[in-house]
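Me: I have a structure open and would like to go through some of its labels with you. Could you tell me where each one comes from?

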Amino acid sequence: MTKTTWRPATALVHGGTTRSQHGETAEAMYLTQGYVYDTAEAAEARFKGEDEGFIYSRYANPTVDMFEKRMCALEGAEDARATATGMAAVSAALMCQVKAGDHVVAARALFGSCRWVVEKLMPQYGIETTLIDGTDLANWEKAIRPETKVLFLESPTNPTLEVIDIAGVAALANSIGARVVVDNVFATPMFQKPLELGAHIVVYSATKHIDGQGRCLGGVVLSDKKWIDEHLHDYFRHTGPSMSPFNAWTMLKGLETLPLRVRQQTESASRLADHLAGKKAVSRVLYPGRPDHPQADIIAKQMTGGSTLICFELDGGKAAAFKLQNTLETIKISNNLGDAKSLITHPATTTHKNLAEEARQELGISGGTVRLSVGLEDVEDLIDDLDRALSGL
Ligand SMILES: *Cc1c(COP(=O)(O)O)cnc(C)c1O
């Protein structure tokens, strides 16, 4: 059951819950591949769509269904499909609605695998793609053509936390009948509602803040029911990127604490961003929520909170970034993000190592750039850890 009047925190505890005959409090985990029918007629009716029940867990599963409904309640979306990973969500959302001859425009500051899908995979199928600096609306306007079907962006971006004007991009898309797909991972569903801003499709890697505790991979695509029925439904059923019921159960429990975790992590991140900005070894801090963020005006317009991530630059380049990482104790070195554990990464040698040096420069990633995903530790311990490591540079 989902009440439409619930505020987000309530929807995240109760949204989508269905109970078996046992009336369990926690969501039941239906680890089943298939479903049995009482009669041959019942099976026929289900396949005809006359009876609403489940058929096969590649299509739908009761635990996965609860997760999808809870995400819909949070996002204000009519329908959703949960996927095995964030990349399954991104690639399904993009590929299900384009064909050879279509054109796609994407902001170039994309998560590495998303960029691969746009830059390498789509052209292999005759879909032309154009990558632009998405922070300037004029670039979107210049890139769109009559055959442009999809505009794809991530905001804030990885790792430099650039922000893109979603409402502005959506207005351009509407003027040519194209659709906007937003990868909303960095904003989290707590701080940005792309559908309300005019985007047509929202995708998440649930692996990040939605799980929030570094356990399971997952993803989700959300949109209106018509788009899902016409574009995603068959693609999803027949290509099989489905989420496992176990992972859906883990994500359901993750959603219950999402507002608490994201609020706390953002409060700590905001404090750490200001602290880092006052350090001699740090030449630049990029943090949505600080007044010196290059797109502070757009942030004020489209986001209701800052970020659990901080991007900062060290004067000493790669050597300083490596020394910092190697000296930290509480903060762990990892390319993941959105975890309860604080994680630091050096994009130039890890997540963005496959890009050409020129492409890295375009994105503002230098040898001294580091990305910090702030966890749930006591912020004073994180400050101690960073102070100790920075003082050694
Ligand atoms: C992690 C991530 C993805 C991919 O998600 P997986 O669950 O790792 O497949 C896509 N986009 C963004 C912005 C991400 O951070």
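Me: Let's start with accessibility: why does Y56 count as partly exposed?

Reply: Happy to help, and please keep in mind that this is a predicted model. Y56 has a relative accessibility of 38%. Buried would need a value under 20%, and exposed one over 50%. The value for Y56 lies in between, so Y56 is called partly exposed.

Me: And Y59, why is that one partly exposed?

Reply: Its relative accessible area is 21%. Since buried means under 20%, Y59 falls into the partly exposed class.

Me: What makes the pair of Y56 and Y59 edge-to-face?

Reply: A pair of aromatic rings is described by the distance of the centres and the angle of the planes. For Y56 and Y59 the ring centres are 6.3 Å apart, which is within the 6.5 Å limit, so the rings pair. Their planes stand at 90°, and over 60 degrees counts as edge-to-face, so that is the label here. The search of the whole structure turns up two aromatic pairs.

Me: Which residue lies over the face of Y59?

Reply: That is R237, at 3.9 Å from the ring centre. The limit for a charge over a ring is 6 Å from the centre, so the distance for R237 fits. There is also K318, whose charged end sits over the ring of F322 at 5.0 Å from its centre.

Me: Now the helices. How are α4 and α5 packed?

Reply: Two packed helices are described by the angle between their axes and the distance between the axes. Helix α4 covers residues 86–95 and helix α5 residues 112–124; their angle is about 35° and their axes are 10 Å apart. The crossing of α4 with α5 is right-handed. On the α4 side the contact is made by M87, V90, S91, L94 and M95. On the α5 side the contributors are S113, C114, V117, V118 and M122.

Me: What classes of residue make the contact of α4 with α5?

Reply: Eight are nonpolar, two are polar and none is charged. Met, Val, Leu and Cys count as nonpolar, whereas Ser is in the polar class, so S91 and S113 are the polar ones.

Me: Is L94 buried or exposed?

Reply: L94 is buried: its relative accessibility is 0%, and buried means under 20%. L94 is found in helix α4. Leaving aside neighbours within four places in sequence, L94 is in contact with V117, V118, M122, V150, F152 and V181. The C-alpha atoms of L94 and M190 are separated by 24 Å, with their places 96 residues apart along the chain.

Me: What makes P146 exposed?

Reply: P146 has a relative accessibility of 75%, and exposed means over 50%, so the label follows. P146 lies in the loop between α6 (137–143) and β4. P146 and I164 are 18 residues apart along the chain, and their C-alpha atoms are separated by 23 Å.

Me: And why is G214 called partly exposed?

Reply: The relative accessible area of G214 is 47%, and exposed would need over 50%, so G214 stays in the class in between. G214 sits in the loop between β6 (201–205) and β7 (219–223). N336 is 122 residues away from G214 along the chain, yet their C-alpha atoms are separated by 8.4 Å.

Me: Let's turn to the backbone. Which peptide bond to P156 is cis?

Reply: It is the bond from S155 to P156, with omega near -10°. P156 is in the loop between β4 (148–154) and α7 (166–176). The bond from N158 to P159 is cis too, with omega near 0°, and P159 also lies in the loop between β4 and α7. Most residues other than glycine have a negative phi, and most peptide bonds are trans.

Me: What is phi of L161?

Reply: Phi of L161 is near 60°, a positive value in a residue other than glycine. L161 lies in the loop between β4 and α7. L161 is buried, because its relative accessible area is 1% and the limit is under 20%.

Me: And how do you know that T188 is buried?

Reply: Its relative accessible area is 2%, under the 20% limit, so T188 is buried. T188 belongs to helix α8 (residues 188–191), and phi of T188 is positive, near 65°. Not counting residues up to four places away in sequence, T188 touches Y204, H209 and V262.

Conventions
Residues numbered from 1 in each chain as written. Predicted model: local features only at pLDDT ≥ 70, side-chain atom pairs only at ≥ 80, totals over all residues. Heavy atoms only, no water. Axes fitted to C-alpha atoms, helices over the stretch in contact; angles between N-to-C directions. Helix = DSSP H or I, 4+ residues; strand = E, 2+ residues; numbered from the N terminus. Left-handed = near helix turned anticlockwise from the far one by under 90°. Contact = heavy atoms within 4.5 Å. Phe/Tyr/Trp six-rings, centres within 6.5 Å; stacked < 30°, edge-to-face > 60°. Buried < 20%, exposed > 50% of the residue type's maximum accessible area, 1.4 Å probe, protein only. Lys NZ or Arg CZ within 6 Å of the ring centre and 35° of its normal.
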